[in-house]
Amino acid sequence: MRGRRNYSLLGKKYIMKEDTQYCTKCYENLFANCCEGCSSSIGCNCKDLSYKDRHWHEQCFKCAKCSRSLVEKAFAAKDDLLLCTECYAHDYSSKCSTCKKTIMPGSRKMEYKGNSWHETCFLCHRCQQPIGTKSFIPKDTGYFCVPCFEKQFAYQCCACKKAITTGGVTYQDKPWHRECFLCIGCRKQLSGQRFTSRENYPYCLECFSNLYAKKCVGCTKAITSLAGAKYISFEERQWHSECFTCMQCSVSLVGRGFLTQRDNILCTDCGREK
(Lines give C-alpha, C1' and ligand atoms only; values in the text may rest on other atoms or scores of the structure.)
Protein backbone atom coordinates (compact mmCIF):
# COMPACT_ATOMS: atom_id res chain seq x y z
CA MET A 1 0.00 0.00 0.00
CA ARG A 2 1.36 3.42 -0.96
CA GLY A 3 2.02 5.70 2.00
CA ARG A 4 3.25 9.12 2.88
CA ARG A 5 7.01 9.64 3.38
CA ASN A 6 8.19 11.67 6.38
CA TYR A 7 10.86 14.21 5.52
CA SER A 8 11.19 17.99 5.77
CA LEU A 9 9.36 20.13 3.21
CA LEU A 10 11.37 23.21 4.13
CA GLY A 11 12.34 24.95 0.91
CA LYS A 12 10.64 22.20 -1.11
CA LYS A 13 7.64 22.37 -3.45
CA TYR A 14 4.57 20.83 -1.83
CA ILE A 15 0.83 20.52 -2.36
CA MET A 16 -1.94 21.07 0.21
CA LYS A 17 -4.88 18.63 0.33
CA GLU A 18 -7.40 18.60 3.13
CA ASP A 19 -5.09 20.64 5.41
CA THR A 20 -2.21 18.24 4.86
CA GLN A 21 1.04 18.99 3.01
CA TYR A 22 2.40 16.49 0.47
CA CYS A 23 5.58 16.54 -1.53
CA THR A 24 4.86 16.32 -5.25
CA LYS A 25 6.04 12.72 -5.52
CA CYS A 26 3.82 11.50 -2.67
CA TYR A 27 0.91 13.55 -3.94
CA GLU A 28 1.20 11.99 -7.38
CA ASN A 29 1.50 8.51 -5.92
CA LEU A 30 -1.57 9.01 -3.77
CA PHE A 31 -3.89 11.22 -5.80
CA ALA A 32 -2.83 11.67 -9.45
CA ASN A 33 -5.30 10.51 -12.10
CA CYS A 34 -4.47 8.00 -14.80
CA CYS A 35 -4.63 9.33 -18.38
CA GLU A 36 -7.22 7.64 -20.61
CA GLY A 37 -4.98 8.17 -23.61
CA CYS A 38 -1.56 6.87 -22.58
CA SER A 39 -2.45 5.14 -19.28
CA SER A 40 0.29 7.10 -17.47
CA SER A 41 -0.14 9.14 -14.33
CA ILE A 42 -1.03 12.80 -14.82
CA GLY A 43 1.62 14.60 -12.77
CA CYS A 44 1.41 17.85 -10.88
CA ASN A 45 3.22 19.73 -13.64
CA CYS A 46 0.71 18.63 -16.31
CA LYS A 47 -2.73 19.91 -17.11
CA ASP A 48 -5.44 17.41 -16.15
CA LEU A 49 -8.34 17.59 -18.62
CA SER A 50 -11.46 15.75 -17.49
CA TYR A 51 -14.81 14.71 -18.96
CA LYS A 52 -17.37 12.64 -17.07
CA ASP A 53 -14.89 11.37 -14.43
CA ARG A 54 -12.31 10.48 -17.10
CA HIS A 55 -8.95 12.24 -17.35
CA TRP A 56 -6.35 13.02 -20.02
CA HIS A 57 -2.99 14.74 -20.41
CA GLU A 58 -3.41 17.88 -22.49
CA GLN A 59 -1.41 16.31 -25.33
CA CYS A 60 -3.49 13.09 -25.12
CA PHE A 61 -6.86 14.80 -25.36
CA LYS A 62 -7.45 13.98 -29.07
CA CYS A 63 -10.14 12.87 -31.50
CA ALA A 64 -10.25 9.06 -31.47
CA LYS A 65 -10.53 8.99 -35.27
CA CYS A 66 -8.40 11.75 -36.80
CA SER A 67 -6.13 12.41 -33.73
CA ARG A 68 -6.61 16.18 -33.89
CA SER A 69 -6.39 17.92 -30.53
CA LEU A 70 -9.72 18.56 -28.82
CA VAL A 71 -8.29 21.11 -26.37
CA GLU A 72 -10.65 24.11 -26.21
CA LYS A 73 -12.64 22.72 -29.17
CA ALA A 74 -16.14 21.36 -29.48
CA PHE A 75 -16.36 17.58 -29.39
CA ALA A 76 -18.90 14.79 -29.12
CA ALA A 77 -18.89 11.43 -27.30
CA LYS A 78 -19.89 8.17 -28.97
CA ASP A 79 -19.52 4.72 -27.35
CA ASP A 80 -16.92 6.08 -24.85
CA LEU A 81 -14.89 7.63 -27.69
CA LEU A 82 -14.34 11.37 -28.03
CA LEU A 83 -14.64 12.70 -31.56
CA CYS A 84 -14.19 16.12 -33.13
CA THR A 85 -17.38 17.55 -34.56
CA GLU A 86 -16.26 16.88 -38.15
CA CYS A 87 -15.61 13.16 -37.55
CA TYR A 88 -18.77 12.75 -35.51
CA ALA A 89 -20.85 14.46 -38.18
CA HIS A 90 -19.33 12.37 -40.97
CA ASP A 91 -19.94 9.06 -39.19
CA TYR A 92 -23.06 9.62 -37.11
CA SER A 93 -24.94 12.82 -37.98
CA SER A 94 -28.03 12.70 -40.18
CA LYS A 95 -28.09 14.15 -43.69
CA CYS A 96 -30.48 16.90 -44.77
CA SER A 97 -33.25 15.51 -46.99
CA THR A 98 -33.20 18.68 -49.11
CA CYS A 99 -29.53 19.65 -49.63
CA LYS A 100 -28.10 16.18 -48.76
CA LYS A 101 -25.37 17.79 -46.62
CA THR A 102 -24.49 16.70 -43.08
CA ILE A 103 -26.42 18.35 -40.28
CA MET A 104 -23.62 19.33 -37.91
CA PRO A 105 -23.94 18.64 -34.17
CA GLY A 106 -25.34 21.62 -32.30
CA SER A 107 -27.08 23.12 -35.33
CA ARG A 108 -30.86 23.38 -35.37
CA LYS A 109 -32.69 20.79 -37.39
CA MET A 110 -36.21 19.58 -38.19
CA GLU A 111 -37.23 15.92 -37.98
CA TYR A 112 -40.39 14.26 -39.27
CA LYS A 113 -41.10 10.57 -39.89
CA GLY A 114 -37.46 9.53 -39.99
CA ASN A 115 -36.29 12.42 -42.21
CA SER A 116 -34.14 15.36 -41.13
CA TRP A 117 -33.57 18.87 -42.50
CA HIS A 118 -31.49 21.91 -41.75
CA GLU A 119 -33.88 24.46 -40.28
CA THR A 120 -33.30 26.70 -43.31
CA CYS A 121 -33.94 23.80 -45.74
CA PHE A 122 -37.35 22.76 -44.37
CA LEU A 123 -39.49 24.92 -46.67
CA CYS A 124 -43.19 25.21 -47.49
CA HIS A 125 -43.75 23.57 -50.88
CA ARG A 126 -45.91 26.49 -52.03
CA CYS A 127 -44.39 29.73 -50.68
CA GLN A 128 -40.83 28.36 -50.28
CA GLN A 129 -40.43 30.02 -46.87
CA PRO A 130 -38.82 28.16 -43.92
CA ILE A 131 -41.52 26.54 -41.80
CA GLY A 132 -39.38 26.59 -38.64
CA THR A 133 -41.39 25.74 -35.52
CA LYS A 134 -44.74 26.67 -37.12
CA SER A 135 -47.45 24.07 -37.76
CA PHE A 136 -47.35 22.33 -41.12
CA ILE A 137 -49.44 19.82 -43.08
CA PRO A 138 -47.95 17.02 -45.24
CA LYS A 139 -49.56 16.51 -48.64
CA ASP A 140 -48.36 13.93 -51.18
CA THR A 141 -44.55 14.39 -51.16
CA GLY A 142 -44.53 18.01 -49.97
CA TYR A 143 -45.01 19.94 -46.75
CA PHE A 144 -47.12 23.08 -46.49
CA CYS A 145 -47.49 25.83 -43.93
CA VAL A 146 -51.10 26.06 -42.77
CA PRO A 147 -52.02 29.27 -44.70
CA CYS A 148 -50.68 27.81 -47.98
CA PHE A 149 -52.42 24.48 -47.44
CA GLU A 150 -55.73 26.25 -46.85
CA LYS A 151 -55.31 28.36 -49.97
CA GLN A 152 -54.37 25.43 -52.20
CA PHE A 153 -56.28 22.42 -50.87
CA ALA A 154 -58.89 23.18 -48.21
CA TYR A 155 -62.57 23.65 -49.02
CA GLN A 156 -64.04 27.05 -48.27
CA CYS A 157 -67.23 27.32 -46.25
CA CYS A 158 -70.00 28.75 -48.44
CA ALA A 159 -71.30 30.74 -45.46
CA CYS A 160 -68.21 32.45 -43.99
CA LYS A 161 -65.85 31.87 -46.97
CA LYS A 162 -63.07 30.64 -44.63
CA ALA A 163 -61.16 27.37 -45.04
CA ILE A 164 -62.57 24.17 -43.58
CA THR A 165 -59.59 22.41 -41.99
CA THR A 166 -61.38 19.77 -39.87
CA GLY A 167 -64.79 18.14 -40.21
CA GLY A 168 -67.45 20.14 -41.98
CA VAL A 169 -70.88 19.47 -43.49
CA THR A 170 -71.94 19.03 -47.12
CA TYR A 171 -75.41 20.27 -48.09
CA GLN A 172 -76.56 20.47 -51.71
CA ASP A 173 -72.98 19.68 -52.79
CA LYS A 174 -71.64 22.73 -50.94
CA PRO A 175 -69.23 22.67 -47.95
CA TRP A 176 -70.04 24.30 -44.60
CA HIS A 177 -68.35 24.58 -41.24
CA ARG A 178 -70.42 22.68 -38.68
CA GLU A 179 -70.89 25.90 -36.71
CA CYS A 180 -71.98 27.75 -39.87
CA PHE A 181 -74.67 25.27 -40.95
CA LEU A 182 -77.69 26.90 -39.27
CA CYS A 183 -81.47 26.86 -39.49
CA ILE A 184 -82.55 29.77 -41.67
CA GLY A 185 -85.33 30.54 -39.20
CA CYS A 186 -83.96 30.33 -35.63
CA ARG A 187 -80.20 30.14 -36.45
CA LYS A 188 -79.78 26.94 -34.44
CA GLN A 189 -76.95 24.60 -35.48
CA LEU A 190 -78.25 21.78 -37.67
CA SER A 191 -75.14 19.59 -37.71
CA GLY A 192 -76.08 16.20 -36.28
CA GLN A 193 -79.79 17.17 -36.12
CA ARG A 194 -82.77 16.25 -38.30
CA PHE A 195 -83.70 19.05 -40.67
CA THR A 196 -85.58 19.72 -43.89
CA SER A 197 -85.44 22.33 -46.62
CA ARG A 198 -87.72 24.61 -48.56
CA GLU A 199 -86.60 26.57 -51.61
CA ASN A 200 -83.04 25.31 -50.94
CA TYR A 201 -82.95 26.80 -47.44
CA PRO A 202 -82.37 24.46 -44.44
CA TYR A 203 -84.85 24.52 -41.54
CA CYS A 204 -84.98 22.73 -38.21
CA LEU A 205 -88.19 20.69 -37.83
CA GLU A 206 -89.70 23.14 -35.36
CA CYS A 207 -89.25 26.18 -37.61
CA PHE A 208 -90.42 24.32 -40.68
CA SER A 209 -93.55 23.11 -38.87
CA ASN A 210 -94.38 26.57 -37.52
CA LEU A 211 -93.91 28.20 -40.91
CA TYR A 212 -95.24 25.68 -43.41
CA ALA A 213 -96.97 22.67 -41.81
CA LYS A 214 -100.76 22.28 -41.80
CA LYS A 215 -102.54 22.93 -38.49
CA CYS A 216 -104.66 20.37 -36.68
CA VAL A 217 -108.36 21.31 -36.50
CA GLY A 218 -108.56 19.73 -33.05
CA CYS A 219 -105.57 21.19 -31.17
CA THR A 220 -104.48 23.88 -33.69
CA LYS A 221 -100.87 22.67 -33.46
CA ALA A 222 -98.73 21.95 -36.52
CA ILE A 223 -98.97 18.55 -38.22
CA THR A 224 -95.70 17.33 -39.66
CA SER A 225 -94.87 13.89 -40.95
CA LEU A 226 -91.16 14.76 -40.48
CA ALA A 227 -91.49 14.04 -36.78
CA GLY A 228 -93.30 10.76 -37.51
CA ALA A 229 -96.79 12.06 -36.68
CA LYS A 230 -99.84 10.31 -38.19
CA TYR A 231 -102.76 12.45 -39.28
CA ILE A 232 -106.22 12.29 -40.81
CA SER A 233 -107.25 14.45 -43.77
CA PHE A 234 -110.88 15.20 -44.72
CA GLU A 235 -112.26 17.94 -47.00
CA GLU A 236 -109.04 19.96 -46.89
CA ARG A 237 -108.94 19.76 -43.12
CA GLN A 238 -106.39 17.79 -41.08
CA TRP A 239 -106.26 16.29 -37.61
CA HIS A 240 -103.62 14.50 -35.59
CA SER A 241 -104.78 10.89 -35.26
CA GLU A 242 -105.27 11.36 -31.54
CA CYS A 243 -107.28 14.55 -32.17
CA PHE A 244 -109.70 12.94 -34.65
CA THR A 245 -112.53 12.37 -32.18
CA CYS A 246 -116.28 12.85 -31.96
CA MET A 247 -117.11 16.47 -31.15
CA GLN A 248 -119.71 15.35 -28.64
CA CYS A 249 -118.56 12.17 -26.87
CA SER A 250 -114.83 12.38 -27.73
CA VAL A 251 -114.64 8.76 -28.93
CA SER A 252 -111.83 8.19 -31.47
CA LEU A 253 -113.07 8.15 -35.05
CA VAL A 254 -109.90 6.62 -36.53
CA GLY A 255 -110.96 3.66 -38.64
CA ARG A 256 -114.68 4.22 -37.86
CA GLY A 257 -117.55 5.76 -39.73
CA PHE A 258 -118.50 9.34 -38.86
CA LEU A 259 -121.00 12.05 -39.76
CA THR A 260 -120.49 15.78 -40.30
CA GLN A 261 -122.63 18.56 -38.94
CA ARG A 262 -121.53 21.87 -40.35
CA ASP A 263 -117.81 22.04 -39.29
CA ASN A 264 -118.18 19.36 -36.63
CA ILE A 265 -117.52 15.66 -36.95
CA LEU A 266 -119.58 13.17 -34.92
CA CYS A 267 -119.59 9.44 -34.38
CA THR A 268 -122.59 7.69 -36.00
CA ASP A 269 -124.35 7.27 -32.61
CA CYS A 270 -124.15 10.98 -31.71
CA GLY A 271 -125.02 11.94 -35.30
CA ARG A 272 -128.29 9.93 -35.20
CA GLU A 273 -129.30 11.57 -31.93
CA LYS A 274 -129.08 14.90 -33.65
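Start by selecting H55 in this predicted model. H55 counts as buried because its relative accessibility is 18%, and buried means under 20%. The residue belongs to strand β4, which spans residues 54-57. Now show the side chain of D48 as well: a polar contact of 2.9 Å joins it to the side chain of H55. To see the rest of the surroundings, add N33, C34, C35, E36, I42, L49 and S50, which are among the residues in contact with H55 once neighbours within four places in sequence are left aside.

Next, zoom out to the whole chain. You should find five helices and 22 strands. Of the 274 residues, 29% are buried. The chain exposes about 18900 Å², and carbon and sulfur atoms supply 46% of that area. Among contacts with a separation of 6 or more, 12% are between residues 24 or more positions apart.

Two helices make good next stops. Select helix α2, residues 85-92, where T85, C87 and A89 are the buried residues. Their cover includes β5 (75-78) and β6 (81-84). Then move to helix α4, residues 205-212, and colour L205, C207, F208 and S209, which are buried. Here the cover includes β15 (195-198), β16 (201-204), β17 (214-215) and β18 (222-223).

While you are in this part of the chain, show R198 and Y212. The charged end of R198 sits over the ring of Y212, 4.1 Å from its centre.

Now for the aromatic rings: the structure holds 23 aromatic pairs. Select F149 and F153, whose ring centres are 5.3 Å apart; their planes meet at 40 degrees, so this pair is tilted. F149 counts as buried, at 17% relative accessibility, whereas F153 is partly exposed, with a relative accessible area of 31%. For another geometry, try W176 and F181: with centres 5.2 Å apart and planes at 65 degrees, the pair is edge-to-face. Both W176 and F181 are buried.

Go back to F153 and add K139, which lies over the face of that ring at 5.2 Å from its centre. Then select Y112, W117, F122, F136 and Y143 together to see a cluster linked by ring pairs.

Finish at strands β21 (residues 258-261) and β22 (residues 264-267), which pair in the antiparallel sense over four bridges. Pick T260 and look across to I265, its bridge partner in β22. The two strands form a hairpin with two residues between them, and R262 in the turn has a positive phi of about 55 degrees.

How values were computed:
Residues are numbered from 1 along each chain as its sequence is written. This is a predicted model: local features need pLDDT of at least 70, side-chain atom pairs count only at pLDDT 80 or more; totals for chains, interfaces and linings use all residues. Side-chain values use heavy atoms; hydrogens and water are left out. Two strands pair if DSSP finds at least two bridges between them. Buried means under 20% relative accessible area, exposed over 50%, partly exposed in between (1.4 Å probe, protein chains only). Contact means heavy atoms within 4.5 Å. A polar contact is a pair of N or O atoms within 3.5 Å; within protein, one must be able to donate a hydrogen and the other to accept it, and residues adjacent in sequence count only if both atoms are side-chain atoms. Accessible areas come from the Shrake-Rupley method with a 1.4 Å probe; for residues, only the protein chains shown count as cover. Rings of Phe, Tyr and Trp (its six-membered ring) pair if their centres lie within 6.5 Å; planes under 30 degrees apart count as stacked, over 60 as edge-to-face and the rest as tilted. A charge sits over a ring if NZ of Lys or CZ of Arg is within 6 Å of the ring centre and within 35 degrees of the ring normal.
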